[in-house]
Each structure stands twice: as C-alpha cells, then as structure tokens.
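Student: I would like to go through this structure with you step by step. Could we begin with the terms that we shall need?

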Amino acid sequence: MPVALTTLPSVADQAERLVAVGAHEVAGVSAADLREVAAAARDRCGLLVLHPDRAPASALAPLLEVRGRRGFVVGDMTDVDAFAPIADVDLPPGPVYLVEGLDRGDAMANWSPDEALPAVTGAGRTPLTLGEGVQWVLQAPEVLDRNHCFMTIGSRRRRPNGTLDARTPALWLSNGTGRDGRERRDAPKVGWCWAGNRHTWLGFASAQRRVPVA
C-alpha cells in the first residue's frame with residue numbers, strides 16, 4: 001500500500017490559511033463563516049476543502065506556493081475547470097467539507113490511471129478530485145516532492161457525446177522546460193497525463209472518506 005502522508009495543520013489553522021491567501025473570497029465564503037465551520041469540525045482530522053462549484057482549480061492553482069515558487073496551470077489545459085468528479089465520487093453538499101485519510105499513492109507510481117482507479121476503489125478508498133489535490137498542496141506544500149507527486153483521477157472531463165476525455169489531471173513540480181519557462185522550474189504545476197500512460201514519479205492520491213461539515 002502507498003505511504004500515508006497524514007500530517008496536516010489543524011482544521012482551524014487550515015481555515016486561517018485559506019483566509020490568508022484569499023481562497024475564501026474565491027469561494028464566496030466569508031472568513032467568519034469559514035472559521036465557524038472549522039470550529040464545528042475542530043475534533044476531526046482531515047483536509048478542509050472548498051467545494052469545486054465554489055472554488056475552481058483555475059482560481060486556486062495560482063495561490064499555491066512551494067519553496068517560494070507560485071503555482072500555475074499548464075498552457076494547454078485551458079479547460080481545467082471542466083474536469084469534474086467522476087461517477088464514483090460523491091461530494092458532500094455545502095460550500096465546505098472534510099477529506100479524511102489522505103494518501104499520496106506512492107506505491108502505485110508507474111501505474112496508469114486506467115490501472116489505478118479499480119485498485120483504489122477496490123481497496124475501499126476514493127480517488128482525490130483535482131480541487132482536493134490542489135487544496136492539499138495549498139495546506140501542505142511538502143506533499144509535492146521531486147519525483148514524488150500525484151494524479152487526481154477523481155476528476156475527468158466528459159466530451160459532449162458522454163465519453164471521457166483521455167486526459168487525467170495531476171500535480172507535480174515543473175522542470176522549467178518547454179512552454180512552462182525556465183522561471184517556473186520547481187513551481188507547483190497543474191497538468192495532465194494520458195489515462196493509459198505510466199509515470200514513475202506520479203502516484204495516485206486517495207482518501208478514506210469525505211465528511212460534510214455544518
């Protein structure tokens with residue numbers, strides 16, 4: 001099984017982080033309401049997540065920062081916000097919820113997304129969505145490490161005919177090559193990989209459960 005990466009700030013501290021970077025404003029949630037939600041969930045241990053309907057990945061990615069480098073979405077993923085939860089992923093209602101039992105999925109590095117999804121769900125876990133992955137990095141930047149990054153196969157884009165786009169979203173550290181630009185080397189990057197391809201440096205992030213919070 002993958003190496004568990006469970007170290008997170010307290011839920012209260014996570015709320016303060018979201019306020020500090022302005023993520024609550026993106027989601028249309030007041031700082032007071034977010035702090036109230038965090039207080040209600042103070043006895044739980046998990047990732048405090050702004051619902052993707054409120055806080056799209058395109059708006060949150062630039063708020064990421066890893067070792068002084070700011071986040072970005074790759075230039076050929078202008079439709080990033082069209083990557084929605086897959087059928088097997090049910091998000092709790094409300095603007096904010098918790099994700100518990102996070103795991104980067106290192107043991108599945110060099111698996112393809114097509115291979116990983118049934119393994120994740122078969123183990124009774126749920127794949128992270130893109131928005132959840134972005135917000136994990138927002139709260140714990142160290143989760144992205146050179147040669148140890150992750151895909152978020154809980155999100156896929158559907159074509160107009162109902163079939164799935166072959167791309168799967170992922171988060172990793174840019175090499176500063178190609179269209180990324182040298183100035184973005186080591187910056188946290190929202191990108192994509194083909195569903196049938198394998199990458200030795202990408203695991204598959206998952207969680208035990210999602211929990212609604214009042």
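Tutor: A polar contact is a pair of N or O atoms within 3.5 Å, where within protein one must be able to donate a hydrogen and the other to accept it, and residues adjacent in sequence count only if both atoms are side-chain atoms. This is a predicted model, in which local features need pLDDT of at least 70 and side-chain atom pairs count only at pLDDT 80 or more, while totals for chains, interfaces and linings use all residues. Residues are numbered from 1 along each chain as its sequence is written, and side-chain values use heavy atoms, with hydrogens and water left out.

Student: With which side chain does the side chain of D79 make a polar contact?
Tutor: D79 lies in the loop between β4 and β5 (84-85), where strands (E, at least two residues) and helices (H or I, at least four) are DSSP runs numbered from the N terminus. Contact means heavy atoms within 4.5 Å, and, leaving aside residues up to four places away in sequence, D79 touches R157 and R167. The polar contact, at 2.6 Å, is with the side chain of R167.

Student: Why do the buried residues of helix α1 lie on the same side of α1?
Tutor: Buried means under 20% relative accessible area, against over 50% for exposed and partly exposed in between, with a 1.4 Å probe and protein chains only. In α1 (residues 11-21) the buried residues are V11, Q14, A15, L18 and V19. They are on the same side of α1 because the arc that they cover around the axis, taken from the directions from the helix axis to the C-beta atoms, is only 140°.

Student: Which residue in β6 stands opposite L48?
Tutor: In strand β1 (residues 47-50), L47 and V49 point one way and L48 and L50 the other way, and all are buried. Two strands pair if DSSP finds at least two bridges between them, and β1 pairs with strand β6 (residues 96-100) in the antiparallel sense over 4 bridges. Opposite L48 in β6 stands L98.

Student: Which helix gives the most to the largest nonpolar core?
Tutor: A nonpolar core is a set of buried Ala, Val, Leu, Ile, Met, Phe, Trp, Tyr and Cys residues joined through side-chain atoms within 4.5 Å. The largest one has 64 residues, of which L34, L48, W136 and L171 touch the most other members. The helix that gives the most to this core, with 5 residues, is α6 (residues 130-139).
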